[in-house]
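Colleague: Could you take me through one part of this model in some detail? I'd like the local picture, residue by residue.

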Amino acid sequence: MRVRVLGSAAGGGFPQWNCNCPNCDGVRKGTINAKRRTQSSIAVTGDNVNWLLFNASPDILTQFQGFPELQPARSIRDTAVKSVLLMDAQIDHTTGLFMLREGKTPLNIYCTDMVYEDLTTGNPIFNILGHYCGINWKRISMDSLDSFEAEGVPNLKITAVPLSSKAPPYSPHRNNPHIGDNIGIQVEDATSGKKLFYAPGLAEIEDQIKPFMEQADCLMVDGTCWTNDEMAKLGIAQKMSLDMGHLPQSDPGGMIEVLRPLKASKKILIHINNTNPILREDSPERAVLASEKIDVAYDGMDLTI
Ligand code: MLT
Ligand code: MN
Ligand code: ZN
């Protein structure tokens, strides 16, 4: 299977339009060693032709233009993206759906009941798309861990697992978590048996996701903040990383400790917030990750698993 990182930043992207934190200001002025990044999304294929898109970022048009394989140009209107899977209902993972409204057929969209509810009430993207291409909702059940194949995307076995993160700030149940607000996804190559585990929002390593993380050959997980109080320390916002549903990396019990014993040959952080010091390639924090054999995703990163 191939995995293409379309966007590696958290909500807001890097640099964020209104932010002058040392990272955003530095990357804008070219005074730090860091890459710009668009908002969180990946695409995965099991046959090198048909792609499953994970999340639809507000930056989706730029991301598609930056990856010509998604436009094979076989007919007057065409795309290699056969289905879209939403990990949650957050703005940075869903508003790009509006940019796909010219589709000739309804968009195949995989998501849970909770995400469907948020996207038909609090932020009714699905209702609005009904006036354009429409959607073909494919319900991801939280009743079992049965795997499925996404429509039009052969050779990949998808398994969704509920996890603890957060419903979006606009959701009527932001502070009242429900199963299916956020999921992690295992993608298994049906031919090779190799496994990717993807979880861009992950606050807590609960028992149900441990086996998936242990079995993965490639882990692509929440890399939002380095410390829980990162935004508060910069005077940006009082909210803590964990309050937003993101396990910080360096704190005790943080993502570095979680990843350390796991066998995956590729351990990658994704959904990086613009305040995170790991965005600076020459930072001490980045050196810590290198010593732990943890990579930081970047836009255009292309992996064969
Ligand atoms: C998050 O992952 O916490 C959200 O994307 C934040 C946001 O939408 O700004
Ligand atoms: Mn996000
Ligand atoms: Zn910033």
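**A close look at the metal and ligand site**

Modeller: Let me begin with a residue outside the site, since its burial is a handy reference: asparagine 55 is buried, with a relative accessible area of 0%. Asparagine 55 sits in the loop between β3 and α2 (60–65), and has a positive phi of about 75 degrees although it is not a glycine. Bear in mind throughout that this is a predicted model.

Now to the site itself. The manganese ion (ligand 2) has two protein donors, Asp92 through OD and His271 through NE2, at 2.1 to 2.2 Å. Those two come from distant parts of the chain, 179 residues apart. Aspartate 92 belongs to helix α3 (residues 91–94), while histidine 271 is in the loop between β11 (266–270) and α9 (284–291). Both count as buried because their relative accessible areas fall under the 20% cut-off: aspartate 92 has 7%, and histidine 271 has 5%.

Next, ligand 1. The residues around it are Gln90, Asp92, Met244, His246 and His271, so the two manganese donors, Asp92 and His271, turn up here again because each has a heavy atom within 4 Å of ligand 1. Three side chains in that set have polar atoms facing oxygen on the ligand. For aspartate 92, an N or O atom of the side chain is 2.8 Å from an oxygen atom of ligand 1. Histidine 246 has a polar side-chain atom 2.9 Å from a ligand 1 oxygen, and for histidine 271 the corresponding distance is 3.2 Å. On its own, ligand 1 would expose 260 Å², and the protein buries 74% of that. The space that ligand 1 takes up is the second largest pocket.

Since you asked for local detail, a few backbone spots in the N-terminal stretch deserve a look too. Phenylalanine 14 and proline 15 are joined by a cis peptide bond, with omega about 0 degrees, and proline 15 lies in the loop between β1 (2–7) and α1. Helix α1 itself covers residues 22–29, and its buried residues are Asn23, Cys24, Gly26 and Val27. Just after α1 comes glycine 30, with a positive phi of about 75 degrees.

Asparagine 48 makes a nice partner for asparagine 55. Asparagine 48 has a positive phi of about 65 degrees, again without being a glycine, and is found in the loop between β2 (41–45) and β3 (51–54). Asparagine 48 is partly exposed, with a relative accessible area of 47%, whereas asparagine 55 is buried at 0%.

Technical notes
Residues are numbered from 1 along each chain as its sequence is written. Chains are lettered from A and ligands numbered from 1 in the order in which they are written. This is a predicted model: local features need pLDDT of at least 70, side-chain atom pairs count only at pLDDT 80 or more; totals for chains, interfaces and linings use all residues. Side-chain values use heavy atoms; hydrogens and water are left out. Donors are N, O and S atoms within 2.8 Å of the metal (3.2 Å for Na, K and Ca); water is not among the atoms, so sites may look incomplete. Helices (H or I, at least four residues) and strands (E, at least two) are DSSP runs, numbered from the N terminus. Buried means under 20% relative accessible area, exposed over 50%, partly exposed in between (1.4 Å probe, protein chains only). A polar contact is a pair of N or O atoms within 3.5 Å; within protein, one must be able to donate a hydrogen and the other to accept it, and residues adjacent in sequence count only if both atoms are side-chain atoms. Accessible areas come from the Shrake-Rupley method with a 1.4 Å probe; for residues, only the protein chains shown count as cover. On a 1 Å grid over the protein atoms alone, a cavity is a set of points where a 1.4 Å probe fits but cannot get out, and a pocket is an open set with protein on both sides within 12 Å along at least five of seven lines; lining residues have an atom within 4 Å of a point. A molecule sits in a cavity or pocket if more than half of its atoms lie within 2 Å of its grid points.
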